[in-house]
Structure formats: structure tokens, C-alpha cells
Amino acid sequence: MSIIGIYKSLFPARITGYIGERLKDEFEAFAGSLPTGTKVLDAGAGDLHWKYLFSHCDYKSADVCYPENKLDQTKLDYVVDMENMKEISGNSFDAVFCIAVLEHTKHPQLVINEFKRVLKPGGRLFLLTSSAFEDHQIPNHFFNTTQYGVRLLFDEAGLETKHIEYTAG
């Protein structure tokens, strides 16, 4: 099952008010829907901001470590290139949780293909990406998406799309 959110004008580090609470509620609902012991990959985990949601799961974190994002690599399970996560075995995760990463990749199709590769058959992907957001994390902000673009990425990877929702204005 694939669950996709497309946000239009916010970034998780700054989510506030109704929209921020709504996104947090969606994240909590996804995490809460996973059975105890589910193997979860937080792809783009950053500072592990959402790790607490998956305390009942076998949580693993992965991220790209650009010099400008100043991540503490020692806290990550995997330091990866999202377009080629060779450090991670195929069919090894029940779920992938990916928040605000796709727009920072040069080749988003390769990233989606990698998510499919690391997911076990029947695995679930929760993806939140930007539809319209000012440039940030320069020079590593490459794309914004539409629901049609996301569907195309998923279709070309052979993933089933269950839900796409615009979550902000």
C-alpha cells in the first residue's frame, strides 16, 4: 500500500497551527497503523525528529549527509545516496517513511525505485513531498511535484498508489 502526501507551502521543521497539527496527526496515524515489530526505514531521517512515532517498531534511520545540513552521522543507521541505497538489502523493510526528501534529489525516479527495492512485497510507503516551496537547502533543492508527477513516479516504479492528498493551501 502506498500513502502519499503532497504539501504546498510548508516545511516540517516549521510546521505550525492547523496544518502542522494535521500533518503530525497524519504521521501519527501512519505510525500507529503499523503493528509492533514492523521494520521501518525513515528515509531522510535528519535529526531523527519523528523517531518517537515508531517506538513500537524496529526503526532504522537513513539520510544523505551534505556538509550544509550538519547532521550528526553517528546517530544514523545508514548514510546513503537516496538514489542508490546499496548499503540496504532489498526486500528488507515493511514500511518506508519519507518526509521532505524527494524535492532534494536530482533523480526522483531513482529514489522511488530504491524505496520499492528495499520494501518487502506488500510493504507501505508514506511519502510527503513539496508541491510549491521556496528554494531551501541550496544548492540541493531540485524539484517540486504535482499529484500527476508523483503518480507517474509510482507507476513507473510499479508501485500501487492508494492515496494522494494536498495537505496545505
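This is a short report on the fold, cores, cysteines and salt bridges of a predicted model.

Some ground rules come before the tour. Residue numbers start at 1 along each chain as its sequence is written, and side-chain values use heavy atoms, with hydrogens and water left out. Since we're dealing with a prediction, local features need pLDDT of at least 70 and side-chain atom pairs count only at pLDDT 80 or more, while totals for chains, interfaces and linings use all residues.

**Overall layout**

The protein has three helices and seven strands, where helices (H or I, at least four residues) and strands (E, at least two) are DSSP runs numbered from the N terminus. Going along the sequence, you get the pattern β-α-β-β-β-β-α-β-α-β. Of its 169 residues, 51% count as buried; buried here means under 20% relative accessible area, exposed means over 50%, and partly exposed lies in between (1.4 Å probe, protein chains only). Take the contacts (heavy atoms within 4.5 Å) between residues at least 6 apart in sequence: 68% of them join residues at least 24 apart. The accessible surface is about 8,200 Å², and carbon and sulfur atoms account for 51% of that. That area comes from the Shrake-Rupley method with a 1.4 Å probe.

**How far to trust it**

The average pLDDT, the predictor's confidence in each residue on a scale from 0 to 100, is 80, and 75% of the residues score at least 70. By element, strand β2 has the highest mean (97), and strand β1, residues 2-7, the lowest (41). Over residues 1-16 pLDDT stays under 50, and for this stretch the model has 77 contacts beyond four places in sequence.

**Two cores**

Nonpolar side chains tend to be buried together in soluble globular proteins. A nonpolar core, as used here, is a set of buried Ala, Val, Leu, Ile, Met, Phe, Trp, Tyr and Cys residues joined through side-chain atoms within 4.5 Å. The largest one has 27 residues, with L41, M82, I112 and F115 making the most contacts inside it. At least two of its residues come from each of β2 (39-43), β5 (93-99), α2 (108-118), β6 (119-130) and α3 (147-157). There's also a second, separate core of 20 residues, including F54, A95, F97 and I99.

M82 is a good residue to click on. Leaving aside neighbours within four places in sequence, its contacts include A43, A62, V64, V101, L110, V111 and F115, plus the acidic D63 and E114.

**Cysteines**

A search of the whole structure turns up zero disulfides, going by cysteine sulfur pairs within 2.5 Å. C57 is buried at 13% relative accessible area, and C98 is buried too, at 0%.

**Salt bridges**

The structure holds six salt bridges, each being a side-chain nitrogen of Lys or Arg within 4 Å of a carboxyl oxygen of Asp or Glu. Three of them are listed here.

| Lys | Acid | N to O distance |
|---|---|---|
| K86 | E87 | 4.0 Å |
| K120 | D94 | 3.4 Å |
| K162 | E160 | 3.0 Å |

The K120 and D94 pair links distant parts of the chain, with K120 in strand β6 and D94 in strand β5, 26 residues apart. K120 is partly exposed at 30%, as is D94 at 27%. In the K86 pair, K86 is exposed at 64%, whereas E87 is partly exposed at 37%. As for the remaining pair in the table, K162 is partly exposed at 46% and E160 is partly exposed at 48%.
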